[in-house]
Amino acid sequence: DLEGTAIHGPEATDNTRSRYAEIDDAMTEEGHLSWPGDGGESTYQVEERAIRGFSQLLGSSEDGNKSHLAVVAHGRHNKVLLASLLRGEAREFKAIKQGNACINVFDWDEVDGIAVEVLVNYVNHAELD
């Protein structure tokens, strides 16, 4: 019910912000709740899609060199992926901040299959003089 509606910035209304906060809280509690409503994806569905894509990227290098990957995605995708990899629970996405054009860096331990946070939500590169 929020499709096409501003939830941040000057166009967002108090009613919209309140409704978004309610849904966001509900999704944090229930990982199977779809966003934005019927036809949307749940947190766990986003996690499954994000992890599948991440795994495909790890296995896609023709020369076997998987030392550097770049993933460009929307905030919710990033937050769910980072929550899953760094915290072990996708529903913790709400605690992860993602500014516009932010940079996230983590080291992937291929042997143990774990991610180690290096840098999350770095936005200083985007500051203008």
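**Notebook: aromatic contacts around Phe54**

I looked up Phe54 first and found this residue buried (under 20% relative accessible area, with exposed meaning over 50% and partly exposed in between, for a 1.4 Å probe and protein chains only), its relative accessible area being 7%. I note that the model is predicted, that local features need pLDDT of at least 70, that side-chain atom pairs count only at pLDDT 80 or more, and that totals for chains, interfaces and linings use all residues. Residues are numbered from 1 along each chain as its sequence is written, and side-chain values use heavy atoms, with hydrogens and water left out.

I then searched for aromatic pairs, taking rings of Phe, Tyr and Trp (its six-membered ring) with centres within 6.5 Å, called stacked with planes under 30 degrees apart, edge-to-face over 60 and tilted for the rest; the structure holds two such pairs. In the tilted pair, Phe54 and Phe106 lie 5.8 Å apart centre to centre, with 50° between the planes. Phe54 belongs to helix H2 (residues 43-58) and Phe106 to strand E3 (residues 103-109), so this pair ties together parts 52 residues apart in sequence; helices (H or I, at least four residues) and strands (E, at least two) are DSSP runs numbered from the N terminus. Phe106 I recorded as partly exposed, at 21% relative accessible area.

Phe54 and Trp108 make an edge-to-face pair, 5.2 Å centre to centre and 80° between the planes. This pair links Phe54 in helix H2 with Trp108 in strand E3, 54 residues apart. Trp108 is partly exposed, at 28%, and I entered Phe54, Phe106 and Trp108 as one aromatic cluster.
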